[in-house]
Amino acid sequence: MSRDRGVRSPRRLSEYRGPRRLGMNGRPRRLGGQGRFALATASVAVLSMTASGCVVVHGEREIVPTVTRADAAGALKEFTAAYNKADKTYDQAADAERVTGALADIDGAKLKAGRKNSPDGNPAHSPLKLTDAEFTIPEKAGWPRWFVADTAANKGLKNTRWLMVFTRSNANDVWAVSYLTIVNASDVPKFEKTKDGFAEPVPADDAALAIAPGELGEAYATYLEAKDSGSAGGETFAPGTHTSVWRTDREKKSRQPGLARQYVDEPLSKGDYAPVGLRTTDGGALVFFATHHYEKQTAAPGVDLDVDPNVRALLTGEVKSSLTLQRVSNQVVLNPVKSASDQQVKFLSRVDGLTSVKGE
């Protein structure tokens, strides 16, 4: 499967005059001729064992756990093995079946750049080890099915946890990771659970939350393109590294002498890019969602654009006076209920990656 998606421009950045929402449809991964993106109402039967024998439970109608804990552990083990093989060899095919959505875009571009710069593999490879795994498994009807793995890792900062969303769209798919974020251990919330230990998924249109999960990508894009806190979306998100600090940094860069920068931000919300959320014990939700970010750099006459090797590895076209960079970002937030005293959405983590570059 190819994850080289090329440069997609939502509109001519040189003519950009302010936020204008355009839909961004995620495109399906293909696995053995089967589309990974199936309709949520796909008619697939799930077998459930009872003391009297096999009973057919129709997964498109019945609310059932999305996975067994044993299968969740197996999916984590298979993902880790595939991820390590791909990281060691810079071979995109090695983990293509085990990543999807935003993570597939980020991971695929990283491997593509790595292979171009180091054809013999990753000289700095160190195997990823994921331990102390906890699985939060929702109960839901229909497809897609998903669950969240919360693990410790031998990479990154101490006292952090890797949160990964595993998803599949039908019974013939393997489990693949669509979201991967790294959060402080103390920030992982408590989830609302049934007496059997299963979690409650949050619908995309949940009107009780500060922002419906399905609208988070749009709200974030609007926020980033606002010029100040008094603009649309200015008070939607709590201040921090991925909100107020990032927006201020971009505004400063856009005024850099000799190099103009223009930004366009858009939601990713279809297929395996769809936001997913779990109800927390305070009534709010932990929500994963994805976004697409464009940056166009235009140099003044006589000013050279500096292109480092990792960026050049993803370059198409010839760099004359401008570069258009595309990034995909996946993030996880705490989304409070509207009745909460503090209704701002709080970012816990954001992981993004450069996915393509076009020179002009």
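This passage walks through the nonpolar cores, one enclosed helix and the aromatic contacts of a predicted model.

The largest nonpolar core is a good place to start. It holds 22 residues, and those touching the most other members are F79, F135, F147, M164, F166, V177 and L180. Two helices and four strands each put in two or more residues: α1 (69–89) and α2 (101–117) on the helical side, with β6 (130–136), β8 (145–153), β9 (160–168) and β10 (176–184) as the strands. Of these, α1 gives the largest share, at five residues. There is also a second core, separate from this one, with 21 residues; V165, V188, F191 and F288 are among them.

F147 deserves a closer look. This phenylalanine is buried, with a relative accessible area of 0%. Leaving aside residues up to four places away in sequence, F147 touches T66, V67, A72 and A75, then F135, T136, I137 and P138, and finally M164, V165, F166 and W175. So V165, a member of the second core, turns up on the contact list of F147, a residue of the largest core.

Aromatic rings come next, with 13 pairs in the structure. In one of them, the ring centres of F135 and F147 are 6.1 Å apart and the planes meet at 70°; because that angle is over the 60 degrees needed, the pair counts as edge-to-face. F135 belongs to strand β6 and F147 to strand β8, so to speak a link between distant parts of the chain, with twelve residues separating the two. Like its partner, F135 is buried, though here the relative accessible area is 13%, against 0% for F147. Ring pairs also join both phenylalanines to F79, Y83, F166 and W175 in a cluster.

Two arginines sit over tryptophan rings as well. The charged end of R145 is 4.5 Å from the centre of the W143 ring, while R250 lies over the face of W246 at 5.0 Å from the ring centre.

That leaves α2, a contributor to the largest core. Its 17 residues span 25 Å from the first C-alpha to the last, close to the expected 24 Å. Twelve of the 17 are buried, so α2 is largely enclosed by the rest of the structure. The buried set takes in G101, A102, L103, A104, D105, I106, D107, G108 and A109, followed by L111, A113 and G114. Packed against these residues are α1, β10, β13 (285–299), α5 (309–312), β15 (322–335) and β16 (346–359).

Definitions and conventions
Residues numbered from 1 in each chain as written. Predicted model: local features only at pLDDT ≥ 70, side-chain atom pairs only at ≥ 80, totals over all residues. Heavy atoms only, no water. Core = buried A, V, L, I, M, F, W, Y, C linked by side-chain atoms within 4.5 Å. Buried < 20%, exposed > 50% of the residue type's maximum accessible area, 1.4 Å probe, protein only. Contact = heavy atoms within 4.5 Å. Expected span 1.5 Å × (residues − 1). Phe/Tyr/Trp six-rings, centres within 6.5 Å; stacked < 30°, edge-to-face > 60°. Lys NZ or Arg CZ within 6 Å of the ring centre and 35° of its normal.
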